[in-house]
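Trainee: I should like to learn how the features of a structural model are read. May we take them in turn?

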There are 2 protein chains.
Amino acid sequence: MIGERFQVIYHLSGTEAVALEKAQTICLEQTVEVGQELVPNGFIKEHIVGRLEQFSPVTSNCYAATISYAVETAAGELTQLLNVIFGNTSIKPEIRVQQLILSEKLLAQFGGPRFGIAGLRQLIGVAEKPLLCTALKPMGKSVIELAGLAYQFALGGVDLIKDDHGLTNQPFCPFTERVKACSEAVHRANRQTGKHCLYVPNITAPCHQLRERAIYAQEIGAGALLIAPGLTGFDSLRALAADDAIRLPLISHPAFLGTMVTHPANGLAHGVLFGQLQRLMGADAVIYPNYGGRFGFTREECQSIAASCREPMGHYLPIFPMPGGGMSLEKIPDLLNEYGNEVVLLVGGALYTRSPDIVDNGRYILSLVGRS
Amino acid sequence: MIGERFQVIYHLSGTEAVALEKAQTICLEQTVEVGQELVPNGFIKEHIVGRLEQFSPVTSNCYAATISYAVETAAGELTQLLNVIFGNTSIKPEIRVQQLILSEKLLAQFGGPRFGIAGLRQLIGVAEKPLLCTALKPMGKSVIELAGLAYQFALGGVDLIKDDHGLTNQPFCPFTERVKACSEAVHRANRQTGKHCLYVPNITAPCHQLRERAIYAQEIGAGALLIAPGLTGFDSLRALAADDAIRLPLISHPAFLGTMVTHPANGLAHGVLFGQLQRLMGADAVIYPNYGGRFGFTREECQSIAASCREPMGHYLPIFPMPGGGMSLEKIPDLLNEYGNEVVLLVGGALYTRSPDIVDNGRYILSLVGRS
């Protein structure tokens with residue numbers, strides 16, 4: 001009945017003895033949730049309990065433990081898979097999920113990204129070089145003002161124009177009005193430019209409204225959808241990616257998730273949270289704060305995210321890393337060097353402030369990434 | 001148009017100058033997400049941007065900043081309220097959400113708990129003294145074995161019998177079969193004892209199946225529902241609590257949430273995550289790891305959770321703190337002293353291991369809490 005197993009690599013702080021004890025405890029905590037003495041012999045002990053497959057030092061005070069779990073423990077559910085990986089163990093200090101090694105059978109239980117890098121490029125009609133994204137902001141602007149900005153950004157050649165993730169359905173900027181006006185503005189610009197800029201409304205919403213907003217946005221002409229799985233739950237993103245009625249790319253925003261990666265000894269590694277789990281959910285591009293901006297991610301952490309987005313992962317498509325957050329124009333050469341071509345640069349402020357001519361600002365930034 | 005504001009108290013690590021700068025940045029980051037120089041005068045600057053209301057030292061290296069936001073920024077959505085409180089700021093180190101001070105208008109946008117302490121006591125028929133809960137485990141046991149355990153626990157007088165939170169819909173223990181058998185077992189025991197033990201199945205599930213499992217469980221005779229909002233998304237719990245078709249108490253499990261509280265300078269304070277936010281979601285009882293068990297919470301952190309569950313919070317009902325995790329019997333006197341009567345003690349292992357007679361174990365533990 002039970003066969004294939006998947007693996008989780010945990011980094012465990014402490015001496016070898018402490019780390020080994022943590023590893024053995026994880027095997028129990030994440031499955032049977034009883035002490036070793038209460039584990040029944042036979043099926044449960046042999047198959048259900050997590051199995052310590054490898055244990056080796058990372059540094060003098062950190063050990064890597066590879067623990068395998070039966071695929072069936074996750075029940076084909078993303079919610080329960082997250083639980084087996086890190087449910088109760090998230091409450092214990094100095095244990096970090098460093099990497100997932102998911103088996104083919106497990107990966108096949110989720111659809112994964114439907115567009116990925118190649119699909120997004122095809123929709124936008126740009127076969128190579130980095131893509132450019134910006135955000136409509138600030139919260140408090142009217143629908144007409146935001147649509148006006150969207151029009152200019154699209155004229156300037158920006159590839160993806162997303163709502164700021166704080167724009168949802170405020171009374172001063174209702175969702176349906178905003179999405180209609182901004183979609184129309186971008187389509188109007190596209191007719192003038194001949195390009196295929198995508199408007200990306202934020203559909204992050206209470207669960208009973210999420211699908212409804214996605215469908216509305218699609219029908220009114222949006223080009224992709226923005227969702228913050230830290231706010232909606234990870235499975236909400238997966239459900240949209242598995243929904244046959246929704247045929248738009250999904251872009252994932254990191255709001256509310258930061259604490260999961262802040263401390264290097266706890267939580268989830270950057271590549272797990274912003275790479276592997278995003279692909280499991282079915283995101284086609286993932287926004288994260290770039291190094292050197294106003295958030296604290298390091299260059300190495302950002303590289304690990306980009307690598308996890310793009311490296312082979314079963315049959316799942318590679319997805320776009322989408323660094324943003326305080327991206328000034330003088331950083332662009334370094335970003336190109338760091339990320340290569342398969343990246344979406346999320347540029348906010350610089351597109352607004354380089355000059356009063358927003359259309360020209362867009363064109364200028366495109367020239368900086370070799371697209372003029 | 002814009003009037004009432006709600007407040008968030010953040011604890012900010014650093015010197016006074018550093019902390020003050022963090023506070024000013026939060027006002028922008030959580031609302032307009034642009035630099036001060038890009039905030040338009042008038043409506044946006046006066047109403048939309050967060051407002052620093054108070055700033056005072058907590059320790060020599062930590063300052064408390066009270067920041068207010070217009071109720072309308074949260075759009076009446078729990079997802080967006082979480083985003084305003086801590087969305088992007090979660091990604092910045094050494095900022096912790098210490099307390100929420102939610103206005104009446106904002107609290108009225110969510111229903112809150114429907115049963116709370118008094119409602120749960122009424123269903124169970126125990127007007128005072130602590131309640132006793134246990135868990136069906138381990139994962140891997142058959143439906144018949146789990147139902148047999150449920151029967152004995154209920155005969156022994158346990159008030160609430162929950163599924164272990166890792167039991168979802170595994171092929172070796174399918175949800176519908178388990179919930180039917182365990183419900184029947186508990187009802188059979190109740191007929192013998194004349195008591196009102198509640199069976200609490202775990203309905204944590206992918207979003208398209210959550211409501212379906214809740215309805216099934218209710219129709220087949222479950223007495224309350226267990227859900228892990230860290231796995232499903234916080235709004236999923238709220239949606240169940242707001243669903244007229246679901247008339248069972250909701251018990252919240254902390255799986256996958258631990259990292260949010262681990263480091264005292266980051267994330268959410270224990271009372272915010274396991275108290276205030278649970279009541280916003282509509283949980284009637286909240287499970288958390290007790291001090292001195294196999295998890296790392298301190299006595300003070302647990303006290304702050306219990307206080308946040310029970311203290312006045314607008315029109316919201318007080319809810320049960322439900323400490324668990326390595327609760328040995330010799331700790332019970334201390335727990336009674338610490339938590340008083342308005343608590344549900346979640347006892348796992350001791351109920352299984354005190355003696356081979358599970359019925360007697362239940363009765364014995366009830367006597368320890370003054371209920372014989």
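Mentor: We shall treat symmetry, the chain interface, the domains and the core.

Mentor: This is a predicted model, so local features need pLDDT of at least 70 and side-chain atom pairs count only at pLDDT 80 or more, whereas totals for chains, interfaces and linings use all residues. Residues are numbered from 1 along each chain as its sequence is written, chains are lettered from A and ligands numbered from 1 in the order in which they are written, and side-chain values use heavy atoms, with hydrogens and water left out.

Trainee: What rotation superposes chain B on chain A?

Mentor: Copies are superposed by least squares on the C-alpha atoms of residues with pLDDT of at least 70 in both. Here a rotation of 180° with 0.0 Å of shift along its axis brings chain B onto chain A, with an RMSD of 0.0 Å. The two copies are thus related as by a two-fold rotation axis. Within chain B, the C-alpha of B:Gly233 comes closest to that axis, at 1.8 Å.

Trainee: How many residues of each chain are in contact across the interface?

Mentor: Contact means heavy atoms within 4.5 Å. By that rule, 72 residues of chain B are in contact with 72 residues of chain A. Since 100% of the interface residues of chain B are also interface residues in chain A, the copies meet through the same surface.

Trainee: What area is buried between the chains?

Mentor: Buried area is the accessible area (1.4 Å probe) that two parts lose on being put together, summed over both. For chain B and chain A this is about 6,300 Å², with 65% from carbon and sulfur atoms. On the chain B side, B:Ile91, B:Phe256 and B:Thr259 lose the most area, together 12% of what that side buries.

Trainee: How many salt bridges cross the interface of chain B and chain A?

Mentor: The rule, a side-chain nitrogen of Lys or Arg within 4 Å of a carboxyl oxygen of Asp or Glu, finds two across this interface. A:Glu77 forms a salt bridge with B:Arg213, their closest N and O atoms being 2.7 Å apart.

Trainee: Into which domains is chain A divided?

Mentor: Bounds come from an automatic or database domain assignment. Chain A has domain 1 (5–107) and domain 2 (116–368), with centres, taken over C-alpha atoms, separated by 33 Å. Between them, these domains of chain A bury about 1,600 Å², 63% of it on carbon and sulfur atoms. In domain 1 of chain A, A:Leu78, A:Arg96 and A:Leu107 lose the most area to domain 2 of chain A, together 45% of what that side buries. Zero salt bridges are found across this domain interface.
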